[in-house]
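Got your viewer open? Let's take a walk through this one, selection by selection.

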Amino acid sequence: MHSLKVVIVGPAGSGKTTFIGAVSEITVLSTRREIGAGGKDAADRIAVDMDFGRVTLADDIVLYLFGTPGHERVSFMWETLSEGLLGFVVLLDSENSASLEEARETIAFLRGDSELPFLVAANKLAPDDAAAVKHLRTSLHLPDDIPLVSVDARSRESAKLVLEGLAQEAVRRG
């Protein structure tokens, strides 16, 4: 039996908790903490949600899913989780243009700081909408070699397809 980790990152409201909840075979463990620069000003603080779930991908492969914020300020968590990491899923809400900037920053950070495979999963994106896919790829400055897939974060089957796609990307990058 092989146990691997997958980190699900993305902007607030992108569907990370929903994605993990839809696909997990166990009750999802969720935590929420506020962190900041030590100031009392709410602008100095951000809420950090973490989710944990598990899914069997194949008879001999179990994935442990860690949902983390996409903020670069909390990227230390990604490094902590990197041992045994299969890769990252960058999840974004394709209907929320405000989240594209944060997703773009997360992608730039991952491309510059890690050799680990990742893919971008666009929640609420119609898989056959080529114009929307092209627009997202351009908006995210996403090269053609990084997979961009659609997902319905509420659907177990859809979420599992994304995880299978990440596994295929890991094999491709070998």
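Start by selecting Ser-14: leaving aside its neighbours within four places in sequence, Ser-14 is in contact with Leu-91, Leu-92, Asp-93 and Asn-123, where contact means heavy atoms within 4.5 Å. Before going on, note that this is a predicted model, in which local features need pLDDT of at least 70 and side-chain atom pairs count only at pLDDT 80 or more, while totals for chains, interfaces and linings use all residues. Residues are numbered from 1 along each chain as its sequence is written, and side-chain values use heavy atoms, with hydrogens and water left out.

Still on Ser-14: this residue sits in the loop between E1 and helix H1 (16-23). Helices (H or I, at least four residues) and strands (E, at least two) are DSSP runs, numbered from the N terminus. Is Ser-14 buried or exposed? Ser-14 counts as buried because its relative accessibility is 1%; the cut-offs are under 20% relative accessible area for buried, over 50% for exposed, and partly exposed in between (1.4 Å probe, protein chains only). Now show Leu-91 as well: its backbone oxygen lies 3.3 Å from a polar atom of the Ser-14 side chain.

Zoom out for a moment. The protein has 5 helices and 7 strands, and from the N terminus on the elements run β-α-β-β-β-α-β-α-β-α-β-α. Of the 174 residues, 43% are buried. Among contacts between residues at least 6 apart in sequence, 69% join residues at least 24 apart.

Next, select strand E4 (residues 61-67), where 5 of the 7 residues are buried. Add strand E1 (residues 2-9): E1 and E4 pair in the parallel sense over 7 bridges (two strands pair if DSSP finds at least two bridges between them). Which residue of E4 is the bridge partner of Leu-4? That is Leu-63, so click on it: at 0% relative accessibility, Leu-63 counts as buried. Not counting residues up to four places away in sequence, Leu-63 touches Leu-4, Val-6, Gly-53, Arg-54, Val-55, Leu-57, Leu-86 and Leu-163. Try a distance label from Leu-63 to Gly-53: they are 10 residues apart in sequence and 8.4 Å apart in space, C-alpha to C-alpha.

Stay with E4 and bring up the side chains of Phe-52, Tyr-64 and Phe-66, which form one aromatic cluster. Rings of Phe, Tyr and Trp (its six-membered ring) pair if their centres lie within 6.5 Å; planes under 30 degrees apart count as stacked, over 60 as edge-to-face and the rest as tilted. By this rule there are 2 aromatic pairs. Phe-52 and Tyr-64 have ring centres 6.0 Å apart and planes at 10°, so this pair is stacked. The pair links distant parts of the chain, with Phe-52 in strand E3 (residues 45-58) and Tyr-64 in E4, 12 residues apart. Phe-52 counts as partly exposed at 23% relative accessibility, and Tyr-64 counts as partly exposed at 28%. Phe-52 and Phe-66 form a tilted pair, 5.1 Å centre to centre with 55° between the planes. Phe-66 is buried, with a relative accessible area of 16%.

Last stop: helix H4 (residues 130-139). Colour its buried residues, Leu-136, Arg-137 and Ser-139, and look down the axis of H4: they fall within an arc of 165°, so they line one face of the helix (the arc is that of the directions from the helix axis to the C-beta atoms). The face of H4 turned away from that side carries the exposed residues Ala-130, Ala-131, Lys-134 and Thr-138. Finish at His-141, just after H4, which takes a positive phi of about 55°.

Conventions. A polar contact is a pair of N or O atoms within 3.5 Å; within protein, one must be able to donate a hydrogen and the other to accept it, and residues adjacent in sequence count only if both atoms are side-chain atoms.
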